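Here is a friendly walk through one protein model, meant to be read with the structure open beside you. We begin with a strand and its partners, then turn to loops and empty spaces.

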Amino acid sequence: MIHEMEYNGQSIEWKGRGIFKATSGLPGSQMPINQCKPDDGPIPEGIYKVFIGDYDTAKDDGRGICALKPAWGIQKIPRGNAAGNCDPYWANWGENRARMEPADQITKNKCKPVMRAGFYMHDSTKGYSHGCIEVETRIFDALRTYNKTTKKNSVLIKVKYIQGRGTNGGTKI
C-alpha cells in the first residue's frame, strides 16, 4: 500500500506538502511501547485511511453528554456560542477533525485481543490525545485543498514509531 503521509511520533510528513507537528497519547503514556493501551497510549502503528471529504460541521450525538456524532470526513468543530454548554468539552477536539480507520487487517488487529478504534486527526493544542493524532491546524487547509483538486476522499498515512522516542511532537500551545 502506497501512503502519502507518515507519522513518526513527532511529526506528520506529507510528501511534497509539508511537515506538521503531531502528538498522540496521554502524558505518561506517550511512548511507542504503550500503543496498545486503550484511551491512553498513542495510536497503534500501521496504515490508516484518513477521510478528507467535506462533512461540514460536527453535530452533538443527542445523548446529552456533549459527545460528537462520528463522521467519515473532515469536519469543523462548533465553538463558542455555536457549541453552547458543550464548548468546554468540544474545545478538546480543537477546530477541525478528520476520521481515521485502519487501511488493512494487520493494522486493525495490531493490538488484538485489545481493540482500539475511533481515531481522528484533530487540531487541539493540549499536547496529548486519547489515541488520536493531534496535529497542527494548517494541515486541514492542505487536506481540504487536496480533496477539492484531486477529488480523492481519503489519503493513507503510515504510523511508524522510532522505538524509545516519545510521541509528543510539541503541539501544546
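Lys76 has Asn96 as its bridge partner in β7. This is a predicted model, in which local features need pLDDT of at least 70 and side-chain atom pairs count only at pLDDT 80 or more, while totals for chains, interfaces and linings use all residues. Residues are numbered from 1 along each chain as its sequence is written, and side-chain values use heavy atoms, with hydrogens and water left out.

**Strand β7 and its partners**

Strand β6 (residues 74-76) and β7 run antiparallel and are joined by 3 bridges. Strands here are DSSP runs of E with at least two residues, helices are runs of H or I with at least four, and both are numbered from the N terminus. Two strands pair if DSSP finds at least two bridges between them.

β7 also has β4 as an antiparallel partner, again through 3 bridges. There, Lys49 stands opposite Glu101 of β7. With β8, β7 pairs in the antiparallel sense over 4 bridges, and Met100 has Phe119 in β8 as its bridge partner.

How many of the 7 residues of β7 are buried? The count is 6, so the strand is mostly covered, where buried means under 20% relative accessible area, exposed over 50% and partly exposed in between (1.4 Å probe, protein chains only).

**Strand β3 and its partners**

Strand β2 (residues 11-14) runs antiparallel to β3, and 4 bridges join them. Ile12 stands opposite Phe20 in β3. The hairpin of these two strands has 3 residues between them, and Gly16 takes a positive phi near 75 degrees there. β3 is also joined to strand β9 (residues 133-135) by 2 bridges, in antiparallel fashion, with Ala22 opposite Val135 in β9.

**Two residues in the loop after β3**

Leu26 is found in the loop between β3 and β4. Is Leu26 buried or exposed? Leu26 is buried, with a relative accessible area of 15%. Not counting residues up to four places away in sequence, Leu26 touches Asp39, Asp40, Tyr128, Ser129 and His130; contact means heavy atoms within 4.5 Å. Leu26 and Pro42 are 16 residues apart in sequence, and their C-alpha atoms are 7.5 Å apart in space.

Glu45 also has its place in the loop between β3 (18-23) and β4 (46-51). Glu45 is buried, with a relative accessible area of 12%. Its side chain reaches the backbone nitrogen of Tyr161 at 2.7 Å. Leaving aside neighbours within four places in sequence, the residues in contact with Glu45 include Gln35, Thr107, Lys110 and Val159.

**Pockets and a cavity**

Rolling a probe the size of a water molecule over the atoms shows where empty space is left. On a 1 Å grid over the protein atoms alone, a cavity is a set of points where a 1.4 Å probe fits but cannot get out, and a pocket is an open set with protein on both sides within 12 Å along at least five of seven lines; lining residues have an atom within 4 Å of a point. Grid points are joined across faces, edges and corners, and a volume is the space filled by probe spheres set on the points.

The table sorts the lining residues into nonpolar (Ala, Val, Leu, Ile, Met, Phe, Trp, Tyr, Cys and Pro), charged (Asp, Glu, Lys and Arg) and polar (the others, Gly among them).

| Space | Volume | Lining residues |
|---|---|---|
| Largest pocket | about 340 Å³ | 8 nonpolar, 5 polar, 4 charged |
| Second largest pocket | about 170 Å³ | 8 nonpolar, no polar, 5 charged |
| Largest cavity | about 50 Å³ | 6 nonpolar, 1 polar, 3 charged |

The largest pocket has a volume of about 340 Å³. Its lining holds 17 residues, and the closest to its centre are Trp93, Gly118, His122, His130 and Cys132. Strand β8 (residues 119-122) gives the most to this lining, with 3 residues.

The second largest pocket is lined by 13 residues, with Cys66, Ala67, Leu68, Trp93 and Arg97 nearest its centre. The elements giving two or more residues to this lining are α1 (87-90) and β7 (96-102).

The structure holds 1 cavity of 30 Å³ or more. Among the residues that line the largest cavity are Pro44, Tyr48, Thr107, Lys110 and Phe119.

Definitions and conventions: A polar contact is a pair of N or O atoms within 3.5 Å; within protein, one must be able to donate a hydrogen and the other to accept it, and residues adjacent in sequence count only if both atoms are side-chain atoms.
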